[in-house]
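Get your viewer ready and keep the selection box at hand. We will go from stop to stop, with something to select at each one.

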Amino acid sequence: MKRLEKVGACVALLMGCWVSMLAAPKGSLVEFSYTCSRSSGMGSDTYKLIADQTGNVEVAITIDHESVRFEEQTQLYRVNQEVVKRLQDILARNKIDKLVKTAKSYLPSPEALTISATYSKGAVYNLHWDGMPEDKMASAAVREIVTFFAPWREPMTHVERRVIRGKPRETPAAPKGRLTYCSFSDSRSAGMGKDYCELIADNLDSAKVVVVTMALTDDSTQKEYAIDKQTVDQMEQMLASIEAWKVGGYNYDEKMPGGTIYRVYMEYADGSKYNATWCTHEPWEDAQAVYNAVVRFFQKWRKQ
């Protein structure tokens, strides 16, 4: 009997903690965020409201965070306490304490919605859904929250932003060793083969240029040409003059049916490697310029 009483007490304690966690929030809203994460590479949008102890209130909106396509854009707006009250009323009307039960435990997901709300009395609510919630009450709450932030988001949609098209977020460091390898390639789809040229100079005494056409097909051809140190130096200087290493890490694929994948690749004696690939009608201009320069350098061997 005593054991049953202890079990009952534990259950009651746990139930009390659960009810407390789901109790309606007390105090005023001091911080709120809503994040919509899209599929891989498409970035995420975050809507935040922060009210500090001095009474200052800010709405911060960030769109296309970590997108491979568009530059990230952030806008900060100063608002008044009336805005805080309106959002707090929305959360109360939609029973944020009850919405916790509709949310899933957090698991990393390429597509997700997250909500976090913190109140002055200490209550914190963190909610996560893998995509739009199936629960009608939760989906209605999400839509109302998005509508609430719309007046601040709307002006941002009219700002012309530069398309990144896969541009690396960080510029690679310049190489410190001499050039040991450089190539470009065009890989066509549907069995149409691959053309590429490569300069191989690991050993300057046996440096060479290799020209391959229609690789991976029955019409494939390959020719090799011995080159001297001066030719290797010429390519190295050309790549340095256009700072070709800066396009390292560029990778953008529009998944175009029948599209061609373009690539330019460089290696240096210090171990530095720079790879850029794309399949798009509108590649990053810098990457296209490096590709064009490398193609021109190989032109005299390709003509042979």
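## Stop 1: an aromatic cluster

Select Phe184, Tyr250, Tyr262, Trp278, Trp284, Tyr291, Phe297, Phe298 and Trp301, and show their side chains: ring pairs link these residues into a cluster. Please keep in mind along the way that this is a predicted model. Across the structure there are 19 aromatic pairs.

Now zoom in on one of them, Trp278 with Tyr291. The ring centres are 5.8 Å apart and the planes meet at 80°, so this pair counts as edge-to-face. Colour by secondary structure and you will find Trp278 in strand S13 (residues 273-279), while Tyr291 belongs to helix H6 (residues 285-303); the pair therefore ties together parts that are 13 residues apart in sequence. Are these two residues buried or exposed? Both Trp278 and Tyr291 are buried.

Next, add Thr231 to the selection. This residue is in helix H5 and is buried, with a relative accessible area of 10%. Leaving out residues up to four places away in sequence, Thr231 touches Phe297 and Trp301, and both of these are members of the ring cluster you have just displayed.

## Stop 2: charges over rings

Show Lys194 together with Tyr196. Lys194 lies over the face of the Tyr196 ring, at 5.4 Å from its centre. Then move to Arg263 and Tyr265, where Arg263 lies over the face of the tyrosine, at 4.5 Å from the ring centre.

## Stop 3: two strands and their contacts

Select Val30, in strand S1 (residues 29-37). Val30 is partly exposed, at a relative accessible area of 24%. What does Val30 touch beyond its neighbours within four places in sequence? Its contacts there are Leu49, Ile50, Ala51, Thr118, Tyr119 and Ser120. Try a distance label as well: the C-alpha atoms of Val30 and Asp52 are separated by 6.8 Å, although the two residues are 22 apart along the chain.

Then go to Gln73, in strand S4 (residues 73-79). Gln73 counts as buried, at 6% relative accessibility. Not counting residues up to four places away in sequence, Gln73 touches Ile61, Thr62, Ile63, Met156, Val159 and Arg161.

## Stop 4: two positive phi angles

Most residues other than glycine have a negative phi. Here are two residues to check against that.

Select Asp64, in strand S3 (residues 57-67). Phi of Asp64 is near 60°, a positive value in a residue that is not a glycine. Asp64 is buried, with a relative accessible area of 10%.

Now jump to Glu243, in the loop between helix H5 (229-241) and strand S11 (251-253). Glu243 also is not a glycine, and its phi is positive, at about 50°. With a relative accessible area of 35%, Glu243 is partly exposed.

## Stop 5: the cysteines

Select Cys36 and Cys279. Cys36 counts as partly exposed, at 24% relative accessibility, whereas Cys279 is buried, at 4%. How many disulfides does the structure have? The count comes to 0 disulfides.

## Stop 6: confidence

Colour the chain by pLDDT. The average is 85, and 86% of the residues score at least 70. Where is confidence lowest, and where is it highest? Helix H1 (residues 2-22) is the lowest, at a mean of 41, and H5 is the highest, at 97. Select residues 1-22 to see the weak stretch: pLDDT stays under 50 there, and the model has 5 contacts for these residues beyond four places in sequence. Where pLDDT is low, the predicted coordinates should not be read in detail.

## Last stop: the whole chain

Zoom out and show the cartoon. The protein chain has 6 helices and 13 strands. Of its 304 residues, 39% count as buried. Among contacts between residues at least 6 apart in sequence, 59% join residues at least 24 apart. Finally, switch on the surface: the accessible surface of the protein chain comes to about 17700 Å², and 52% of that belongs to carbon and sulfur atoms.

Definitions and conventions. Residues numbered from 1 in each chain as written. Heavy atoms only, no water. Phe/Tyr/Trp six-rings, centres within 6.5 Å; stacked < 30°, edge-to-face > 60°. Helix = DSSP H or I, 4+ residues; strand = E, 2+ residues; numbered from the N terminus. Buried < 20%, exposed > 50% of the residue type's maximum accessible area, 1.4 Å probe, protein only. Lys NZ or Arg CZ within 6 Å of the ring centre and 35° of its normal. Contact = heavy atoms within 4.5 Å. Areas by Shrake-Rupley, 256 points an atom, 1.4 Å probe, with all protein chains shown as cover. Disulfide = S-S within 2.5 Å. pLDDT = per-residue confidence, 0-100.
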